[in-house]
Structure formats: structure tokens, C-alpha cells
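Load the model in a viewer and keep the selection panel open. The tour below goes from one selection to the next and says what is found at each.

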Amino acid sequence: MDEIPVKVAVRIRPLLSKEILHNHQVCVRPVPNTQQIIIGKDRVFTFDYVFGKSSTQDDVYISCIKPLLVSLIEGYNATVFAYGQTGSGKTYTIGGGHVASVADEEKGIIPRAIQELFHTISENHNIDFTVKVSYIEVYKEDLRDLLELETNVKDIHIREDEKGNTVIVGAKECQVENADEVMSLLEAGSAVRHTSTTQMNERSSRSHAIFTISICQQRDPAESRDKNSVQMILSKFHFVDLAGSERVTKTGNTGERFKESIQINSGLLALGNVISALADPKRKNAHVPYRDAKITRILKDSLGGNAKTVMITCISPSTSDFDETLNSLKYSNRARNIKNKPIVNYNPDWDRIDEMELEIKALREALQNQQSSRVSRTSQVSQDWSQEKNKIRTLEEQLAQFQLECFNHRHCTEEALELLHELKNIPGLTKPQKNRLHSWVAMAEELRSDITSMSGTESAETGSREEPHHITILQLKRELKKCQDALATDEEVFARKEMELKDLQENIQSLLQENQDYQKSLEEAERTKNLQTEKLVEQQILIDELKNKVEEYLQNHSPQGPVREQESKRPHSVPLSHQLQMLTSSFRESSSQSEPRKVRTSPPSYSLERVVAGFRTRSQMLLDLIEEQDEVSHEKFSDHSDEELEKESKNKKNNPPKSPFRRSINRTWTRRNVPEAKAVNNGTRQLFSNTGDMPGNIIFILYHMNNPKYLYEICTPWPVVSYVPETVMESVQESQNLNIKKLKTTELRLAEARQKLRELTINIKMKEELINELAKTSNEAQSVNKQYSMKIMQLEQEADQARAELAEAQKQLQELENKELRDQAQKAKLQKDFRKKMEAAKIKVQVLQKKQQDTKKLANISAQNEKYASDLELNIHNMRQQQAQLQKKLKEESDIKKKLELAVQKDQQQIKELQLKNEQQQKMLRLKNEEIAAIRRRKSTSSIPDQLQQVSTL
Ligand SMILES: Nc1ncnc2c1ncn2[C@@H]1O[C@H](COP(=O)(O)OP(=O)(O)OP(=O)(O)O)[C@@H](O)[C@H]1O
């Protein structure tokens with residue numbers, strides 16, 4: 001057994017238009033007239049074949065594949081596999097994409113090999129060829145049958161027979177009669193292969209695809225080695241389109257694509273390891289890790305096995321792919337060292353028996369597994385049973401096939417025998433010719449008797465004559481089953497699509513509902529904002545009013561005009577005589593109101609006692625006033641919340657405050673009607689009525705939440721005393737609390753608005769994803785549509801052909817009937833053919849009609865999807881607008897929050913200031929008390945004018 005190395009070809013694809021557009025440079029080129037390639041400046045690699053950017057598909061086929069096809073017909077197993085990074089041209093070279101839509105000169109290896117194979121078959125009349133094809137893919141380490149998608153991935157297994165041939169058990173093998181049949185199977189399988197768009201390739205293969213052509217040849221005994229037996233050869237040609245290696249950073253793959261990338265790369269890594277192990281001469285007997293991945297198990301007999309193998313490494317010329325290209329070249333260069341030991345696969349019967357044994361073994365294993373897990377898998381039993389049934393059916397079909405072959409052989413033998421007998425009677429034959437004829441006749445008779453003994457009794461023979469009918473029925477049944485299955489699949493797809501549509505409609509409903517909710521909350525927020533603004537304006541008006549009234553009041557009650565004017569002229573004191581006069585009268589008035597006047601024998605008109613008593617009364621009245629205000633401050637603030645504020649404002653409107661002084665206390669204050677306080681208040685009013693005549697001032701500081709300080713100066717007998725009542729402090733604190741509460745409410749609203757924004761963003765994202773998904777679905781539907789239309793075209797052509805055949809057959813039949821042929825058997829045969837063709841044409845027309853209906857349905861779905869997508873886009877537009885509004889609101893709320901924070905800070909500052917002032921005032925009061933005590937002490941010793949002078953100074 002000779003060892004031959006794996007042949008390696010390298011194909012450089014031209015720069016793609018997008019690469020040219022981005023000004024990519026070329027980093028690899030073939031060395032002219034050699035089989036070498038230069039990458040970068042000076043790295044040279046030698047291969048068996050090198051194809052530059054201008055090489056054609058035909059060049060590749062003629063150089064690499066044609067010799068393999070010859071080997072296949074000779075009985076060798078052959079493999080061609082395309083290797084390379086994603087988008088480097090593997091599928092293009094292998095030709096497993098959409099074959100029907102590709103121009104003839106662009107067709108890849110598989111279509112060319114098919115054409116040539118059938119051409120060879122048609123030229124070799126003496127060989128009986130049986131051609132079968134299978135098409136599988138390895139997707140995420142699962143084997144999928146691309147010709148029978150319903151086949152469970154668990155039912156497809158990779159096995160190895162005794163000769164080391166890799167056998168894929170459980171995948172459908174379709175027997176084919178011509179190139180067109182193979183092409184339509186290739187097309188159908190490629191259409192369901194896992195592909196998707198990535199950044200690197202618009203139609204990137206996400207799986208390793210293996211298209212296998214198996215041929216069984218029955219050679220003429222005269223040409224075969226063993227002249228006494230029918231020579232049978234079974235050989236296989238694997239066309240392998242590997243998924244492309246890819247760097248996730250470059251492809252930008254995420255989600256499902258990312259998972260696929262990982263699986264693809266790990267499969268290719270395993271392949272690299274196998275190549276390294278096989279190519280390393282130092283590791284001759286080392287373990288080869290074939291079992292690390294499914295693809296390496298499948299390629300086992302092609303790499304280091306008994307097949308003839310060509311590896312085509314596809315590379316991109318772009319400098320941006322330099323690293324990947326260099327890696328591919330290194331790997332493929334190493335693969336050249338792999339040695340295979342090809343053998344011709346005779347005695348396929350034995351191989352078939354091996355295969356059957358393997359199948360039986362697999363069935364036994366499955367049965368054992370089933371038995372062991374019966375308890376837990378009762379629900380699976382029926383499924384397994386149907387699988388078993390499927391297998392039995394497959395075996396039955398194979399049996400029928402064998403029977404057909406047997407029948408053909410018998411038929412041939414009969415005919416040969418007849419012919420030989422006729423030849424024997426031909427006169428003028430030489431002796432050696434006669435001898436040879438004689439031996440042939442003997443051999444044919446022997447063969448016939450063998451076959452007869454094999455098939456048993458005569459009755460069985462009669463039965464077997466009926467086999468072709470039986471087989472035709474079987475085939476028809478099979479076709480019918482296929483059609484039914486296709487119908488069921490389509491119905492399933494439509495049901496799924498309808499469900500999806502329903503889901504999407506529900507989704508839209510819920511989104512519309514949400515939309516309404518958002519609008520409602522927005523309106524609410526708007527209303528609240530308006531309310532707040534109104535309240536603010538109202539407050540401002542009240543404050544202004546208050547200011548005016550206080551000023552008015554002060555003007556009305558000051559004989560010398562407005563207090564503020566007076567302030568500048570006379571800040572601290574009034575002329576003594578006038579002051580005293582006023583003071584005494586005021587004292588008199590007040591004392592007369594508070595208690596019955598005491599009658600003295602000779603009351604001194606300017607007695608110090610009286611003056612001091614007057615001071616006392618006034619101070620008492622002032623204290624009362626302060627107490628009264630304290631009382632007010634103990635009452636509640638009313639604008640803790642917006643609703644309360646509203647209520648309050650209503651109350652205020654209904655019962656406007658009567659006294660301007662009361663109004664001077666912010667509208668946010670409420671005041672109880674305290675009867676005891678009334679008297680004091682009257683007193684205070686009286687006191688104020690005389691302020692213009694009194695020495696000194698008392699300054700009241702009133703506080704307002706928004707306009708912090710109002711200063712009212714009221715003339716008093718005291719020197720300047722800044723007085724901050726506790727009520728004011730408390731009010732400031734209350735106002736601070738209020739602001740903090742408002743701040744919290746604003747923060748809450750802010751959080752709500754943010755949440756809404758987040759939800760809106762998620763919704764928008766979800767809808768966008770939905771649109772993408774829809775676009776994808778409609779793209780897929782379109783591509784399926786395209787395929788269907790192509791199929792319909794094909795079917796129409798076939799139907800035309802069938803009609804033409806029918807017409808031809810009818811014509812022939814007519815002629816036959818007219819001629820009144822002697823040979824009734826031939827006539828009957830022709831009639832049978834005619835009927836068969838009629839049946840076939842009918843089935844084809846039915847299939848065509850069904851496909852047409854499906855296409856129409858699919859077209860409808862894609863139109864619906866488009867409409868739905870446009871609706872969704874509109875929806876997203878609306879949501880974006882909402883989002884913008886919400887963001888605006890968020891900004892406004894943030895501004896309010898900032899303002900409130902500022903107000904709180906100011907409050908705190910003022911509280912501090914007020915506390916400081918309070919302390920100062922208390923200190924001053926203490927001083928005043930001390931001074932009064934000093935005056936009292938001096939009273940007995942000094943004269944009245946002196947005393948008065950002292951008081952006035954005070
Ligand atoms: N020799 C070539 N001449 C012209 N165009 C080519 C050639 N090789 C590849 N292309 C183009 O390059 C693009 C990518 O090719 P292809 O899909 O065959 O890559 P791939 O290696 O199979 O990628 P993946 O591994 O992602 O499936 C296709 O548009 C194809 O038409």
C-alpha cells in the first residue's frame with residue numbers, strides 16, 4: 001500500500017469591493033511560475049497548488065478535483081475540504097451555496113464534480129452505477145441531516161468500520177439518477193444550512209458542511225479482475241466546507257453568534273491538533289486526537305486514513321487579515337506532511353454487511369440504553385419506537401433496492417444468455433471464438449442457476465417479477481410521504497408565525513397601554529407644576545400686599561410721616577418733653593384700662609415712679625405681645641403638603657385676615673382666636689398708635705419663608721433693641737422642615753421620572769430588537785421565497801419536460817398501435833412506461849401547485865411583517881418624543897430640587913444668625929434690667945429732672 005501525502009492548495013481570493021472601498025492593501029501574492037506564495041515582505045510557503053486572485057473556479061477544479069474524481073471512479077475514497085478564516089472564500093470555492101442562482105463559470109467544485117461524474121457515468125455503459133448523496137452539517141457539535149431535517153440529531157452517529165472507513169449512520173442517503181437531482185438536493189440542503197450575517201461575511205457559514213457522493217459500481221465481469229464474478233466497487237467523495245475561523249473581536253459577534261464562534265473555533269482547533277499530530281514525523285506513533293471534535297472524527301479516514309485528500313486553504317489578501325492568513329498558511333503547510341494510504345474499496349457486499357452490522361450494533365446499543373433508562377423515559381418510548389420503525393423502514397427500502405438490483409441482474413443474465421445462444425448459431429465463427437462463447441454460455445447458465453437457487457422456488461421468481469411494480473408503488477408512497485411531511489412542516493411554520501404575530505400584537509397593546517399611563521402621569525406632573533407656580537405667585541402677591549399694608553400702617557400711625565423716613569432723621573430718641581408728655585398720657589390711658597386709677601393727695605406731675613410704672617406697663621404689654629406671638633408660633637404650619645396648602649389658600653380666601661399685622665405673618669401661618677390675647681393685642685395696638693411720641697425704638701423682626709426678613713421699627717421708650725421672638729425661630733425651623741419635605745417630594749418625583757425614563761428606554765430597545773427580528777424574518781422569508789420560486793421554475797421545467805415526454809410517448813404509442821407490432825412484450829413495456837410517465841407528471845404538477853400556494857403564503861407573511869415593522873417604528877418615534885418630554889421634566893424637577901436645597905441651606909444659615917441675635921438680645925435685656933435696677937436705686941437720692949434726664953438717655 002503506497003503512502004501519498006495530503007495535497008494542499010492555497011487560493012487567494014481577490015479583494016472584496018468593501019475592502020477596496022476602505023483602501024485595504026494586499027499582503028500576500030503567488031510567486032509567478034512556481035507553486036509558492038509570499039506573505040508580507042519575505043515569508044515564502046510552498047504548496048501543491050497555488051491559485052492567485054485571477055484564478056477561476058475551473059482552474060481550481062481542473063487542477064485539484066478532477067484527479068480526485070478519477071480516483072473516485074477507480075474506487076478510492078476522496079475528500080476535499082476547504083479551510084480558512086471567515087470570509088476567505090471557502091463556500092465560494094466548494095460551491096455549496098445557492099447553486100441555482102450562480103452563473104455557470106462561477107459554479108464551485110461540487111456542481112462541477114457532479115456534472116463530470118454523470119458525464120462519466122453516461123459514457124461507461126458497461127458499468128452499472130448507483131449514485132447516492134447525503135448532506136449533513138456539524139452545528140455546535142451536533143450532526144444535522146440537511147436532507148431530512150426531522151431526523152433527530154441523536155440518531156445520527158459517526159462509526160468506523162473494520163477497514164477504518166468513517167461511516168455516518170442514520171443520515172439520509174438519497175439515490176439519484178442524474179445531475180439535476182443532485183443539484184436540487186444540494187440546493188435544498190444548503191438552504192437549510194446554518195448561515196448568518198456577521199461583520200466579516202454577509203453570508204457566513206456557522207457550521208461545517210459535509211456533502212457526500214457515494215457511488216456503487218458493478219463492473220462488467222470481462223473487465224474486472226475476477227472474470228467469474230460481478231465486480232462491485234463502492235467509493236465516496238466527501239466535499240467539506242468548514243466553518244471559518246474567526247476572532248470574536250473582529251466579527252463583533254455576540255449572543256448566539258458568539259456561542260457559535262466558540263464552537264467553530266474549538267472544532268477547528270481540534271482539526272489543527274490532528275493535523276499537527278499527523279504531520280509531525282517525530283510523533284509517528286503518537287496518539288492523534290481525532291475524538292476531540294465531531295469534524296475530526298468525520299475526517300479521520302481523509303486525514304491519515306485510506307482516502308485521497310486535497311485541502312484547499314482559502315486566504316484573504318487584505319493586510320487587515322495578515323495574522324489569520326499567516327496562521328492558515330502555517331497550518332496548511334504542515335498538512336502537507338500528512339500521509340494517507342489510499343485503497344480501492346472492492347467487495348462492497350462485505351462493506352455493506354459491515355455497515356449493517358454497525359447499524360445492528362447501534363440499534364442494540366440504543367435498545368440497551370432504552371432499557372436502562374426505561375423508567376425515566378417512558379414518554380420517550382413511543383418516540384424511540386418510531387425511530388426504530390424508521391430504521392426498519394430504511395432497511396426495508398434497502399432490501400427493496402437489493403431486490404431490484406437482483407432482478408436487474410437476473411434480467412441481464414437472461415438477456416445475455418439469449419444473446420449468447422443466438423451468437424452460437426451464427427455461422428462462420430472460428431473455433432476459439434466458439435470455445436469462448438461456449439464458456440460464456442456455461443458461465444451465464446451457472447449464474448442463472450445460482451440466482452434461481454438464491455431466490456428459492458419458482459413461485460418466488462414469479463413474485464419477484466412483480467417487484468418493479470412494488471418498488472414503483474414504494475417510491476410513490478415515499479414521495480407522497482415526503483409531500484405530506486413538507487406540508488406538515490409548512491403548516492407548523494405558519495402556525496408558529498401566527499403565534500409570533502399574536503404575541504407581537506399583544507406586545508403592542510401593552511406598550512400602547514403603557515404609553516397612555518405615561519401620558520397620564522405627565523399630565524398630572526404638569527398639573528402639579530402649574531399648581532405650584534400659582535401658589536408661588538399667590539405667595540408673592542400676599543407678601544407684596546403685606547409689605548404695603550405694613551408701610552401704610554406705619555405711615556398712618558406716625559405723625560411725622562413714614563417710619564422709615566423718620567428712622568433716618570431720628571433713629572434712637574425723641575425730644576424729652578414731648579416724649580414724656582406722650583409717655584405719661586399713654587401710661588395714664590393704659591393704666592386706666594388695666595386697673596382703676598389710684599387717687600393720691602399730691603401726685604407729682606413728673607414723678608419718677610409714674611414714669612417707671614409707665615415703662616413697666618409698656619414692657620409688660622410688649623412681653624404680652626411677644627407671648628402672643630409665641631403662641632402663634634406654636635400653632636401648625638399649614639403648607640406641609642400641596643393639598644394642605646391648597647386648602648389653606650381656600651380658607652384664606654374665604655376668611656381674609658382682618659388685621660394688617662396678622663397678615664404680616666405669612667399666609668402660611670394660622671392663628672387661633674385667643675380671647676386672652678385680644679386685650680394684650682389691643683394694648684399693643686395702642687402702644688403702636690403712640691410710637692411716634694415715644695423715645696427709642698423696638699425692632700420686630702418678622703420672618704417669611706420666601707422673603708426672609710421684614711424689619712419693622714416701632715418707636716418705643718427703649719433704646720434700639722433688636723428682638724427676635726422665639727416664634728420667628730420656630731417658624732424658620734418649620735419652614736426648613738417644610739422645605740426638606742418638599743425636597744423629598746421632589747426627589748421622589750425625580751426618581752419616578754428616572755424610572756419611567758428607564759422603562760421607556762428598555763421599551764424602545766425591545767421594540768428595536770423586535771424590528772430587527774422582523775426584518776430578519778422577512779429576509780429569511782424572502783430568501784425562502786426566492787428558493788421556492790426557483791424550485792417552481794425547476795418544477796415547471798420538469799413538468800414541461802414530463803409533458804413533452806408524455807406527448808412523445810403518446811406519439812410512440814400511436815405509432816406502435818398503428819404499426820401493429822409483432823412483439824407484444826415490447827408494446828406492453830412501452831405502455832407501462834407511458835403510464836409511469838403519466839403518474840410522474842401528475843405528481844410533479846401536484847407538487848408544483850402546493851409549492852405555489854406555499855410561496856404565496858410566505859409572500860403574505862413577509863408583507864405583513866413589513867407593515868408591522870413600520871408600525872413599530874412609528875411607535876418608537878412616539879416613545880422617543882415621550883422620552884424627550886420626560887427628560888425635560890426631569891431637568892425641571894432637578895432645578896426645583898436644587899432651589900429647595902438652596903432654600904434649606906439659607907434657612908439653616910438664618911437659624912444660626914437668629915440664634916446669635918437672640919443671644920445678643922438676651923444679653924441686652926439683662927443689661928437693661930440691670931440699668932433699671934440701678935435707676936431704681938438712684939431714685940431716692942437724685943432730683944426729678946436728673947432722673948428724667950437719665951431715663952431719656954436710656
Ligand atoms: N475567488 C473569489 N473570487 C471572487 N469572489 C470571491 C472569491 N472568494 C470569495 N469571494 C467572495 O467573498 C465573499 C466571502 O466568501 P465565502 O462566503 O465563500 O467565505 P467563507 O470562507 O465561506 O466564509 P465563512 O467561513 O464565514 O462561511 C463572498 O461574497 C464571495 O462571493
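The stops are the whole chain, a small set of strands, the ligand, a few single residues, a second hairpin and a helix.

**Whole chain**

Start with the cartoon of the protein chain. The model is predicted. The chain has 23 helices and 21 strands. Of its 954 residues, 28% are buried. Among the contacts with a separation of 6 or more, 75% join residues 24 or more positions apart.

**The sheet β3-β4-β5**

Select residues 28–31, 36–39 and 43–46. These are β3, β4 and β5. The three strands make an open sheet in the order β3-β4-β5, with antiparallel pairing. The edges are β3 and β5, each of which pairs on one side only. From one strand to the next the twist averages 30°.

Now keep β3 and β4 and hide β5. Four bridges hold the antiparallel pairing of β3 with β4. Label Pro30 and look across to β4, where Ile37 is its bridge partner. Label Val28 as well; the residue opposite it in β4 is Ile39. The two strands form a hairpin with four residues between them, and there Asn33 takes a positive phi near 60°.

Bring β5 back and add residues 322–335, which are helix α9. This helix packs on the sheet and touches β3, β4 and β5. The direction of α9 makes about 150° with that of β4.

**The ligand and its shell**

Select the ligand and show the residues around it. There are 18 of them, and the closest are Arg13, Gly89, Ser204, Ser205 and Gly244. Two elements, α3 (90–94) and β14 (204–205), give two or more residues to this shell. The most come from α3, which gives three residues. Colour the shell by residue class: five are nonpolar, ten polar and three charged.

**The annotated stretch**

Which residues does UniProt place under the feature "binding site"? The unreviewed entry lists Gly84, Gln85, Thr86, Gly87, Ser88, Gly89, Lys90 and Thr91. Gly89 is also one of the closest residues to the ligand. Select the listed residues and step through the two below.

Gly84 sits in strand β7, which covers residues 77–84. Is Gly84 buried or exposed? Gly84 is buried, because 29 other C-beta atoms lie within 10 Å, and the cut-off for buried is 20 or more. Beyond its neighbours within four places in sequence, Gly84 is in contact with Lys90, Gly244, Thr313, Cys314, Ile315 and Ser328. Of these, Gly244 has already been seen among the closest residues to the ligand.

Gln85 is in the loop between β7 and α3. Gln85 counts as buried because it has 25 C-beta neighbours inside 10 Å. Show the contacts of Gln85, leaving aside its neighbours within four places in sequence: they are Gly244, Ser245, Glu246, Ser316, Asp321, Glu324 and Ser328.

**Asp321**

Move from Gln85 to its contact Asp321. Asp321 lies in the loop between β17 (307–315) and α9. With 25 other C-beta atoms within 10 Å, Asp321 is buried. Again setting aside neighbours within four places in sequence, Asp321 is in contact with Gln85 and Ser316.

Next, draw a distance from Asp321 to Val26. The two are 295 residues apart along the chain, and their C-alpha atoms are separated by 9.7 Å.

**The hairpin of β8 and β9**

Select residues 128–139 and 142–145. These are β8 and β9, and they pair in the antiparallel sense over four bridges. Label Ile136 to find its bridge partner in β9, Asp145. The hairpin has two residues between its strands. Lys140 is in the turn and has a positive phi of about 50°.

**Leu363 in α10**

For the last stop, select residues 348–372, which are helix α10, and label Leu363 within it. How many C-beta neighbours does Leu363 have inside 10 Å? Leu363 has 16, so it counts as partly exposed, a class that falls between 12 or fewer for exposed and 20 or more for buried. Finish with a distance from Leu363 to Glu388: the C-alpha atoms are separated by 7.9 Å, and the residues are 25 apart along the chain.

Conventions. Residues are numbered from 1 along each chain as its sequence is written. This is a predicted model: local features need pLDDT of at least 70, side-chain atom pairs count only at pLDDT 80 or more; totals for chains, interfaces and linings use all residues. Two strands pair if DSSP finds at least two bridges between them. Axes are lines fitted to C-alpha atoms, for helices over the stretch in contact, and angles run from 0 to 180 degrees between N-to-C directions. Two residues are in contact if their C-beta atoms, placed from the backbone, lie within 7 Å. A residue is near a molecule or strand if its C-beta atom, placed from the backbone, lies within 6 Å of it. Ala, Val, Leu, Ile, Met, Phe, Trp, Tyr, Cys and Pro count as nonpolar, Asp, Glu, Lys and Arg as charged, and the others, Gly among them, as polar. UniProt positions are given in the numbering used here, feature names are shortened, and annotations may be inferred rather than shown by experiment.
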